[in-house]
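Please open the model in your viewer and keep the sequence panel beside it. The stops below are meant to be taken in order, each with a selection to make and a note on what is there.

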Amino acid sequence: MASDQELPEGTIQNILDQETLKWVFVGGKGGVGKTTCSSILSILLARVRPSVLIISTDPAHNLSDAFQQRFTKTPTLINGFTNLYAMEVDPTVENEDILGADGTDNFVSELANAIPGIDEAMSFAEMLKLVQTMDYSVVVFDTAPTGHTLRLLQFPSTMEKGLAKMMTLKNRFGGLLSQMTRIFGAEDDFGEDAILGRLEGMKEVIEQVNKQFKDPDLTTFVCVCIPEFLSLYETERLVQELTKFEIDTHNIIINQVLFDDEVLESKLLKARMKMQQKYIHQFYLLYDDFHITKLPLLPEEVCGVEALKSFSQHFLKPYEPSIVRGTVEELEKRISVLKLKLKDAEAELERARKGKQKV
Ligand SMILES: Nc1ncnc2c1ncn2[C@@H]1O[C@H](COP(=O)(O)OP(=O)(O)OP(=O)(O)O)[C@@H](O)[C@H]1O
Ligand SMILES: [Mg+2]
């Protein structure tokens with residue numbers, strides 16, 4: 001972290017430098033650029049790590065759109081890379097997918113009703129268990145909008161509650177449950193003992209994952225937002241929740257920022273830029289110990305590997321408005337436009353001064 005005088009560097013270089021990181025979550029409000037940012041992070045990580053996996057846990061998958069390639073629930077190599085894989089998992093899968101269509105439905109749905117989110121938590125745990133065996137150097141999560149993500153991150157405690165509930169049920173009702181499962185058609189092998197065994201088996205994974213998620217050497221959460229009130233508010237809520245779950249977060253990406261040069265011609269954009277600056281200022285005040293990376297709003301979508309790669313430069317170098325970049329001709333043209341505008345502004349000021357004098 002930076003000293004009091006110095007702001008942390010405004011790039012995500014710190015994530016690339018943190019060689020111990022194993023899990024990188026990218027989250028934020030709907031539509032702010034989570035998929036774009038997680039895709040770019042995974043591309044950048046693939047340059048410095050032996051193997052990278054990007055997972056979308058958003059039921060409305062859009063990694064396929066960003067990379068313009070179809071992905072499934074098994075990791076697929078992304079075209080043009082040798083060490084970057086993507087998979088799209090659905091955390092809201094049917095119960096059968098988790099426990100198998102083995103006649104234990106009544107029991108599982110009973111459990112699912114008793115502990116909200118247990119089915120989702122179990123499928124997330126299963127997925128993590130699988131991913132852990134695959135041995136990727138780092139895993140990037142493109143998460144669903146905030147509420148959903150927070151629910152997923154609570155999954156270890158949801159699972160623990162589930163286990164505790166199962167234990168009480170078992171202790172309280174003893175043989176009654178197994179009798180019931182038999183009555184309702186479940187074979188002995190697939191009765192509550194089997195489910196309990198399964199949950200118990202997962203307990204170890206959960207505890208391990210829970211420990212890893214709470215270890216800032218292994219896990220970090222990147223908050224993506226836009227410079228608007230609601231997004232600032234939601235980011236604060238997210239940061240607070242993450243702190244509550246003891247999950248490290250020290251990077252904020254402010255996406256869709258309007259910079260001076262793009263808005264010279266438009267009053268509307270100028271007004272929006274002013275509004276954005278107000279919230280950007282607040283982000284800096286609230287999160288002075290965070291790395292805050294600002295990304296420009298582009299006139300077009302960021303679609304396909306080439307566009308993602310080109311946009312990735314802003315993750316590594318604080319954005320310079322294009323006013324100071326370009327060919328000599330382009331710069332000359334921009335400067336002459338600015339000179340004209342300056343003349344107009346001076347004339348305006350002169351008129352205003354004269355008007356004032358008259359008063
Ligand atoms: N800085 C930017 N300039 C222009 N377009 C952008 C920028 N960032 C993202 N986009 C585009 O905005 C759209 C939404 O971005 P993205 O899909 O990354 O958001 P998201 O947070 O993942 O959305 P969702 O909540 O729906 O999953 C995409 O079409 C993307 O290409
Ligand atoms: Mg998305």
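The tour goes from the whole chain to the ligand, then to a group of strands, and ends with a helical stretch and a caution.

**Ground rules.** This is a predicted model, in which local features need pLDDT of at least 70 and side-chain atom pairs count only at pLDDT 80 or more, while totals for chains, interfaces and linings use all residues. Residues are numbered from 1 along each chain as its sequence is written, and chains are lettered from A and ligands numbered from 1 in the order in which they are written.

**Whole chain.** Colour the chain by pLDDT, which is the predictor's confidence in each residue, from 0 to 100; the mean is 81, and 74% of the residues reach 70 or more. The chain holds 15 helices and eight strands, taken as DSSP runs numbered from the N terminus (helices are H or I with at least four residues, strands are E with at least two). Of its 359 residues, 35% are buried, a residue being buried if 20 or more other C-beta atoms, placed from the backbone, lie within 10 Å of its own, exposed if 12 or fewer do, and partly exposed in between. Among contacts with a separation of 6 or more, 76% are between residues 24 or more positions apart, where contact requires C-beta atoms, placed from the backbone, within 7 Å.

**Ligand 1.** Select ligand 1 and the 18 residues around it, of which Lys34, Thr35, Thr36, Leu298 and Glu301 come nearest; a residue counts as near if its C-beta atom, placed from the backbone, lies within 6 Å of the molecule. Two or more residues of this shell are given by each of helix 2 (34-48) and strand 7 (251-257), and helix 2 provides the largest share, with three residues. An unreviewed UniProt entry places a "binding site" at positions including Lys34, Thr35, Thr36, Glu228 and Asn255, although such annotations may be inferred rather than shown by experiment.

Which residues does Lys34 touch, not counting those up to four places away in sequence? They are Val26, Gly27, Gly28, Asp142, Thr143 and Val224. Lys34 lies in helix 2 and is buried because 30 other C-beta atoms are within 10 Å. Move next to Thr36, also found in helix 2, which counts as buried because 24 other C-beta atoms are within 10 Å; outside its neighbours within four places in sequence, Thr36 is in contact with Ala66 and Val302.

**Strand 4.** Select residues 84-88, where five of five residues are buried: Leu84, Ala86 and Glu88 point one way, and Tyr85 and Met87 the other way. In a regular strand the side chains alternate between the two faces of the sheet. Add strand 2 (residues 52-56), which runs parallel to strand 4 and is joined to it by five bridges, with Ser56 partnered by Glu88. Strand 3 (residues 76-77) is instead antiparallel to strand 4, with two bridges, and one of the partner pairs is Thr76 with Ala86. Strand 3 and strand 4 form a hairpin with six residues between them, and Gly80 in the turn has a positive phi of about 90°.

**Last stops.** Select residues 328-355, annotated in the unreviewed UniProt entry as a "coiled-coil region"; in the model this stretch is 100% helix and 0% strand, with its end C-alpha atoms 40 Å apart. Finally select residues 94-104, where pLDDT stays under 50 and the model has 24 contacts beyond four places in sequence. Where pLDDT is low, the predicted coordinates should not be read in detail.

Terms used. Contact = placed C-beta atoms within 7 Å. Pairing = 2+ DSSP bridges.
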